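Q: Could you take a close look at one part of this model for me? I'd like the contacts and ring geometry spelled out, with the numbers.

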Amino acid sequence: MRKIVLFLTVCLLVGGFTPFSALAIDLVPGTLIKTSSSSSVYYYGYDGKRHSFPNEKIYFSWYKDFNNIRTVTNSQLSELSLGQNIKLRPGTYLMKLISDPKVY
C-alpha cells in the first residue's frame, strides 16, 4: 500500500501525469454526466472512462428518470476517454424469437 501511495504522490509532484483523469473535474465513479450543448448522457465508470447510453430505452433500463445528471463543460468531457456503450440492463425485458418457443 505504501508503494502505491508513494507512486501516486511522485506522479502528482512531477506533473504532467494524472493517474485519474477525473481529478481535474472532481468526478466520482458512478456519476452520470452530460454537456449543456448535447443531449447525450454518459456514465463515468470505475475504469476512468465515460460510457455512452446509445438511446433512451437503454438509459431507462438502468434509471427511472433524468435526475442526478451532472453537467460538465465540453473540454472537461473531452478529457475523459470514451469507453464502451452501455448495454440493456439484463432482466428488464422479455424476448422471444419466432423460430424458438422459449422466452428469454
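A: Leaving out neighbours within four places in sequence, K102 is in contact with M95, K96 and L97. Keep in mind that this is a predicted model. K102 belongs to the segment after α3 (74-78), and at 53% relative accessibility it counts as exposed, since the cut-off for that is over 50%.

S61 is another story. It sits in helix α2, which spans residues 56-62. Its relative accessibility is 7%, so S61 counts as buried. Skip anything up to four places away in sequence, and S61 touches L88, R89, T92 and Y93. There's a polar contact too: the S61 side chain reaches the backbone oxygen of I58 at 2.7 Å.

Y93 turns up again with a charge over its ring: the charged end of K57 sits there, 5.0 Å from the ring centre. A similar arrangement involves R50, whose charged end sits over the ring of Y42, 5.0 Å from its centre.

Now for the rings themselves. A pair of aromatic rings is described by the distance of the centres and the angle of the planes. The structure holds six aromatic pairs. Take F53 and Y59: their ring centres are 5.1 Å apart and the planes stand at 75°, so this pair is edge-to-face. Y59 also pairs with F66, with centres 4.8 Å apart and planes at 20°, so that one is stacked. As for burial, F53 has a relative accessible area of 8% and is buried, and Y59, at 2% relative accessibility, counts as buried as well. F66, in contrast, comes out at 41% and counts as partly exposed. Ring pairs link F53, Y59 and F66 into a cluster that also takes in F60 and Y63.

Finally, the sheet. It's an open one with four strands in the order β3-β2-β1-β4, and the pairing is mixed. β3 (50-52) and β4 (69-72) are the edge strands, each with a single partner, so one side of each has no neighbour in the sheet. On average, neighbouring strands here are turned by 40° against each other, direction ignored. Further in, β1 (residues 32-35) and β2 (residues 42-44) run antiparallel and are joined by two bridges. If you want to trace the register, start from L32, whose bridge partner in β2 is Y43.

Notes: Residues are numbered from 1 along each chain as its sequence is written. This is a predicted model: local features need pLDDT of at least 70, side-chain atom pairs count only at pLDDT 80 or more; totals for chains, interfaces and linings use all residues. Side-chain values use heavy atoms; hydrogens and water are left out. Two strands pair if DSSP finds at least two bridges between them. Axes are lines fitted to C-alpha atoms, for helices over the stretch in contact, and angles run from 0 to 180 degrees between N-to-C directions. Buried means under 20% relative accessible area, exposed over 50%, partly exposed in between (1.4 Å probe, protein chains only). A polar contact is a pair of N or O atoms within 3.5 Å; within protein, one must be able to donate a hydrogen and the other to accept it, and residues adjacent in sequence count only if both atoms are side-chain atoms. Contact means heavy atoms within 4.5 Å. Rings of Phe, Tyr and Trp (its six-membered ring) pair if their centres lie within 6.5 Å; planes under 30 degrees apart count as stacked, over 60 as edge-to-face and the rest as tilted. A charge sits over a ring if NZ of Lys or CZ of Arg is within 6 Å of the ring centre and within 35 degrees of the ring normal.
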